[in-house]
Amino acid sequence: MKFSDIKLVLLIGIIALFCMQHTLKTYSTDYGEVAEQYKKPIQYWQKPSIDAGIDWKEFEVIEWDSNYYETQELPEVMLGKKLFFDPKLSSSSQVSCSSCHNPELGWGDGQEVALGNDHLQGKRNTQSLYNIADRTSYFWDGRAKTLEEQLVGPISAHNEMNMKPEKLAGKLSKYKEYKQLFKEVYHTDKITFDKIASAIVTFQKTIKSQPSKLDKFIKGDYKAMSDKEIYGMHLFRTKARCMNCHYGKYLTDESFHNIGLTYYKREYEDLGLYHITKKSGDVGKFKTPSLRDLTYTAPWMHNGLMDDLHGVVNLYNSGMQMINPSPEEKKADPNFPVTDERMKPLQLNNQEIDAIVAFLKSMSGSYYKMPRPEIPRQ
């Protein structure tokens with residue numbers, strides 16, 4: 001067994017020990033004493049524990065999308081929705097965008113990794129589409145900078161929709177209903193891939209989170225969150241160090257970090273951002289996901305490793321630094337991934353982990369039911 005594998009086994013053992021502690025130990029904490037400190041306008045809250053040099057942002061509320069239903073009736077949105085749910089966008093006419101981005105599953109697929117054309121599996125977990133209009137890059141490795149660019153990836157990938165973009169317009173042009181719909185939106189019945197992409201992107205931009213308990217609390221409804229959830233928020237901002245990466249409106253820094261899950265030189269290796277930049281410092285870095293609507297978007301991590309929030313917090317609680325290379329290993333292999341220095345052992349106890357999990361769940365809002373649209377058949 002390689003030394004790196006031994007370290008991975010030790011890591012798993014440590015995480016298992018944390019989980020055992022979670023089951024066996026109880027603690028006593030007065031949630032209310034801490035909670036009272038936050039029942040006031042956000043500008044008077046205790047500042048979070050942030051490392052030097054991090055340009056963090058304070059929490060920001062999400063407002064109700066009061067125009068949601070009117071927006072869904074806009075012609076381009078309606079066209080984009082039909083295209084999004086239509087399996088004809090795949091070469092087999094069996095896989096649609098909604099196969100991996102199901103509104104009933106938090107706009108993900110509920111699986112560890114994506115399953116596409118010919119039941120081929122991808123290597124990474126399907127990311128939710130919530131608030132996709134406000135992201136600055138796309139995919140776990142950030143390889144796409146616009147939604148239109150991102151769209152080409154899953155449509156053309158052999159293990160996803162396996163459709164050549166240059167042939168898609170011709171395929172849809174055989175359907176009179178689609179030609180009529182495109183004419184209503186773009187004033188010409190000539191279908192092109194650019195118009196297909198524009199319609200789908202316009203629809204995707206309407207997929208937004210709705211206000212959660214956290215948003216209501218920030219706006220002054222101090223009964224919206226329980227004292228336990230507020231205590232978890234306090235820990236999130238302080239002892240647990242979460243706001244070094246998860247902050248602002250969508251609880252993400254929109255950046256990339258290596259938290260120690262690269263499986264370097266092992267069966268499930270994934271080098272993340274390095275595949276795009278080819279920089280040794282980017283080995284194992286993946287984009288920081290938003291924490292909005294976590295209740296609906298399991299499993300989590302770029303590889304779908306975790307399906308329990310207690311497990312996620314225990315993972316971070318361990319610090320993950322024990323799988324770093326020795327100086328000799330790094331010298332021999334400059335690409336040997338180094339865990340982000342923001343990851344540190346947190347010394348969270350059982351009750352603190354429970355409270356953080358309660359807070360993470362409080363960031364999930366309600367969501368609109370979305371009936372699948374009628375798909376053009378002729």
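Arg124 sits in the loop that runs between α5 (97-100) and α6 (147-156). This is a predicted model, and in it Arg124 has a relative accessible area of 17%, so it counts as buried. Its side chain makes polar contacts with two aspartates, Asp141 and Asp270. From there, this briefing moves on to the pocket, the cavities and what UniProt has to say.

**Arg124 and its surroundings**

- Which side chains does the side chain of Arg124 reach with polar contacts? One is the side chain of Asp141, at 2.9 Å, and another is the side chain of Asp270, at 2.8 Å.
- Setting aside neighbours within four places in sequence, Arg124 is in contact with a list of residues that includes Glu112, Val113, Ala114, Trp140 and Arg143.
- That same list also takes in Gly272, His275, Phe286 and His302, along with the two aspartates, Asp141 and Asp270.

**The largest pocket**

- How big is the largest pocket in volume? It comes to about 580 Å³.
- The lining of this pocket is made up of 30 residues, and His101, Phe139, Arg143, Pro154 and Glu160 are the ones that lie nearest its centre.
- Two elements, α5 and α6, each give two or more residues to that lining.
- Of the elements, α6 gives the most, with four residues.
- Sorted by class, the lining of the largest pocket has 14 nonpolar, eleven polar and five charged residues.
- Arg143 turns up twice here: it is among the residues nearest the pocket centre, and it is also in contact with Arg124.

**The UniProt binding site**

- An unreviewed UniProt entry places the feature "binding site" at Cys97, Cys100 and His101. Cys97, Cys100 and His101 are part of the lining of the largest pocket.
- Cys100 is in helix α5. Is Cys100 buried or exposed? It counts as buried, because its relative accessibility is 11%, and the cut-off for buried is under 20%.
- Leaving out neighbours within four places in sequence, Cys100 is in contact with Trp107, Gly108, Asp109, Ala114, Leu115 and Thr126.
- His101 lies in the loop between α5 and α6, and with a relative accessible area of 15% it is buried too.
- Not counting residues up to four places away in sequence, His101 touches Phe84, Trp107, Gly108, Thr126, Gln127 and Leu129.
- Trp107, Gly108 and Thr126 appear in the contacts of both Cys100 and His101.
- Ala114 is in contact with Cys100 and with Arg124.

**Enclosed cavities**

- How many cavities of 30 Å³ or more are there? The count is three.
- The second largest cavity holds about 110 Å³ of space.
- Its lining residues include Tyr68, Pro103, Trp107, Tyr130, Thr206 and Ile207, and further along the chain Lys208, Gln210, Tyr367, Tyr368 and Met370 line it as well.
- By class, that lining has eight nonpolar, two polar and one charged residues.
- Trp107 lines the second largest cavity and is also in contact with Cys100 and His101.

**The annotated domains**

- An unreviewed UniProt entry places "domain: Cytochrome c" at residues 75-180 and 227-364.
- In residues 75-180, the end C-alpha atoms lie 12 Å apart, and the span is 36% helix and 0% strand.
- In residues 227-364, the end C-alpha atoms are 17 Å apart, with 32% helix and 3% strand in the span.

Notes: Residues are numbered from 1 along each chain as its sequence is written. This is a predicted model: local features need pLDDT of at least 70, side-chain atom pairs count only at pLDDT 80 or more; totals for chains, interfaces and linings use all residues. Side-chain values use heavy atoms; hydrogens and water are left out. Buried means under 20% relative accessible area, exposed over 50%, partly exposed in between (1.4 Å probe, protein chains only). A polar contact is a pair of N or O atoms within 3.5 Å; within protein, one must be able to donate a hydrogen and the other to accept it, and residues adjacent in sequence count only if both atoms are side-chain atoms. Contact means heavy atoms within 4.5 Å. On a 1 Å grid over the protein atoms alone, a cavity is a set of points where a 1.4 Å probe fits but cannot get out, and a pocket is an open set with protein on both sides within 12 Å along at least five of seven lines; lining residues have an atom within 4 Å of a point. Grid points are joined across faces, edges and corners, and a volume is the space filled by probe spheres set on the points. Ala, Val, Leu, Ile, Met, Phe, Trp, Tyr, Cys and Pro count as nonpolar, Asp, Glu, Lys and Arg as charged, and the others, Gly among them, as polar. UniProt positions are given in the numbering used here, feature names are shortened, and annotations may be inferred rather than shown by experiment.
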